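Me: I am new to this structure and would like a close look at a single part, the surroundings of the ligand. Please go through it step by step and then place it in the rest of the chain.

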Amino acid sequence: MKYAALKGMEDILSPDIAIWQAVEAKARDIFARYGFQEIRVPVLESTDIFIRGIGQETDIVEKEMYTFTDKGGRSVTMRPEGTAPVVRCFVEKNLHTLPSPQKFYYMGQMYRYERPQKGRFRQFYQIGAEAFGVAAPAMDAEIIMMLANLLEAAGLSGLNFELNSIGCAECRPVYRQALRDFFGGKLQEYCPDCQRRYEANPLRILDCKVPRCIELRQGSPSVPDYLCDACRTHFDGLLAILDSFEVPYTLNPNLVRGLDYYTMTTFEVTSEHLGAQKAVAAGGRYDRLVAEFGGPDTHAIGFAIGMERIVTLLKESSQTELRAPKVFVATLGSEAEMEGIKIVEMLRAKGVWAEQSYGSTSLKSQLRRADRIGAEFALIIGENELKAGKAQWKNMKKGEQGEVPLSEVMQFFMEEC
Ligand code: HAM
């Protein structure tokens with residue numbers, strides 16, 4: 001029997017892992033500057049959290065969740081996204097009692113039972129950020145500018161920031177009714193999912209992927225036309241800040257997002273180099289969610305970046321440098337081997353990547369290994385060298401070689417590093 005990873009779930013290893021780690025390090029650096037603290041929430045949560053948070057009529061909840069009954073008979077779900085668990089934690093731990101705003105970031109696996117294709121996985125990683133407690137558009141702007149800085153620091157360019165406002169509890173019902181009036185005439189022609197969603201949540205019809213539904217909804221009412229004064233003022237305030245900092249964006253009145261918790265500002269960052277799955281990051285405001293989870297009314301906004309998608313873009317745009325050891329210590333004989341172990345340990349203690357031969361094979365095969373793993377230097381210690389208190393070094397890339405007293409080996413390599 002041959003074992004294989006599950007469909008839509010990938011192993012991540014060298015050389016790609018170096019890109020992942022670099023992006024994560026850049027993200028941590030940017031988050032620290034903006035005062036976002038790391039939060040680690042469980043991968044498994046009570047199913048209700050996602051039904052309540054993301055919405056019963058969404059694709060994620062209806063079709064894509066990894067849900068099962070645990071041994072205690074509870075329905076649990078592998079998190080399909082990070083916002084609902086962070087809100088659950090915010091309410092459970094009474095984090096609203098701490099000084100506002102509270103700002104968090106997370107990195108981790110999410111699970112959605114989607115049809116795998118380029119850029120779409122069943123296990124994927126997100127880097128996400130969530131900020132609680134500020135109503136002002138300055139927070140929307142901070143979140144969007146932080147995301148732009150993070151993507152730029154990671155090495156990405158040419159991305160498109162799409163923005164929209166989808167209104168609030170005040171103006172959304174009016175918009176919903178306008179949608180029902182529009183869809184109602186031809187409702188029988190829409191797919192069964194859309195027909196079912198028509199009453200409960202007609203907004204969801206706007207992100208149905210069925211080609212016939214896309215065709216039918218051409219010319220449907222546009223949400224910005226239905227914004228109340230408060231939502232319009234908020235959105236204009238955000239755009240004014242972005243404009244004054246020359247942050248580029250495109251207004252996309254059709255951007256409604258596939259999760260129900262959003263209010264007002266929504267955004268998506270897209271790339272033309274990714275094919276069908278072109279969103280590299282997305283987010284928005286969700287001012288009602290904390291209250292829906294039993295907490296006090298709390299404004300909130302956040303985003304999540306799809307790691308696989310930005311790694312794909314980075315791989316296309318840059319050469320990945322393979323990491324390789326600086327020094328490979330080849331030894332002959334057990335005494336020389338002890339000396340070799342001492343040297344590699346000392347080099348490692350100084351922060352140098354050093355490898356050893358693990359037992360004596362022939363010098364030829366040891367040097368072949370040094371070459372295969374891409375070591376820059378080989379240091380050779382045989383019995384004669386040991387007696388003379390010396391070692392031979394060889395620069396594997398340049399072909400140069402020479403001798404160095406064992407007592408000066410550390411100094412030699414520290415100067416070379
Ligand atoms: P989302 O749009 O569902 O939003 O996902 C955010 C990003 O995760 C997407 O733009 C995409 O890059 C990536 N992504 C989603 N599904 C997959 C998949 N199957 N395979 C690979 N990548 C994927 C959220 O998850 C919200 N929680 C974002 C948010 C945070 N809103 C407010 N705060």
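Reply: A polar side-chain atom of Glu-114 sits 2.7 Å from a nitrogen atom of the ligand. The ligand, taken alone, exposes 660 Å², and the protein buries 96% of that. The model is a predicted one, and the distances here are computed from it.

Two further side chains make polar contacts with the ligand. In Thr-83, a polar side-chain atom is 2.9 Å from a nitrogen atom of the ligand. With Gln-126 the ligand takes part through an oxygen atom, which lies 3.0 Å from an N or O atom of that side chain.

The shell around the ligand has 26 residues, and those that come nearest are Glu-81, Arg-112, Glu-114, Glu-130 and Tyr-262. By type, the shell divides into 12 nonpolar, 7 polar and 7 charged residues.

Where in the fold do these residues come from? Strand 6 (123-132), strand 10 (279-285) and strand 11 (300-306) each supply at least two of them. Strand 10 gives the largest share, with 6 residues.

These strands belong to an open sheet of 8 strands with mixed pairing, in the order 1-5-6-11-10-9-7-8. Strand 1 (37-38) and strand 8 (250-251) are at the edges; each has a single partner strand, so one side of each is left without a neighbour in the sheet. Strands of a sheet pair through backbone hydrogen bonds, in a parallel or an antiparallel way. Between strand 6 and strand 11 the pairing is antiparallel and runs over 7 bridges. Phe-132 stands opposite Ala-300 of strand 11.

Now the rest of the chain. The domain assignment gives domain 1 as 16-171 + 227-317 and domain 2 as 327-416. Their C-alpha centres lie 50 Å apart.

A second sheet can be described in the same manner. This open sheet has 5 strands in the order 13-12-14-15-16, again with mixed pairing. Its edges are strand 13 (354-356) and strand 16 (401-405), each with a single partner strand, so one side of each has no neighbour in the sheet. From one strand to the next, the twist averages 25 degrees. Inside this sheet, strand 14 (residues 377-381) and strand 15 (residues 390-395) run antiparallel and are joined by 4 bridges. Phe-377 stands opposite Asn-395 in strand 15.

Definitions and conventions:
Residues numbered from 1 in each chain as written. Predicted model: local features only at pLDDT ≥ 70, side-chain atom pairs only at ≥ 80, totals over all residues. Heavy atoms only, no water. Domains from an automatic or database assignment. Near = heavy atom within 4 Å. Polar contact = N/O pair within 3.5 Å; in protein donor to acceptor, adjacent residues only side chain to side chain. Areas by Shrake-Rupley, 256 points an atom, 1.4 Å probe, with all protein chains shown as cover. Helix = DSSP H or I, 4+ residues; strand = E, 2+ residues; numbered from the N terminus. Nonpolar A, V, L, I, M, F, W, Y, C, P; charged D, E, K, R; others polar. Pairing = 2+ DSSP bridges. Axes fitted to C-alpha atoms, helices over the stretch in contact; angles between N-to-C directions.
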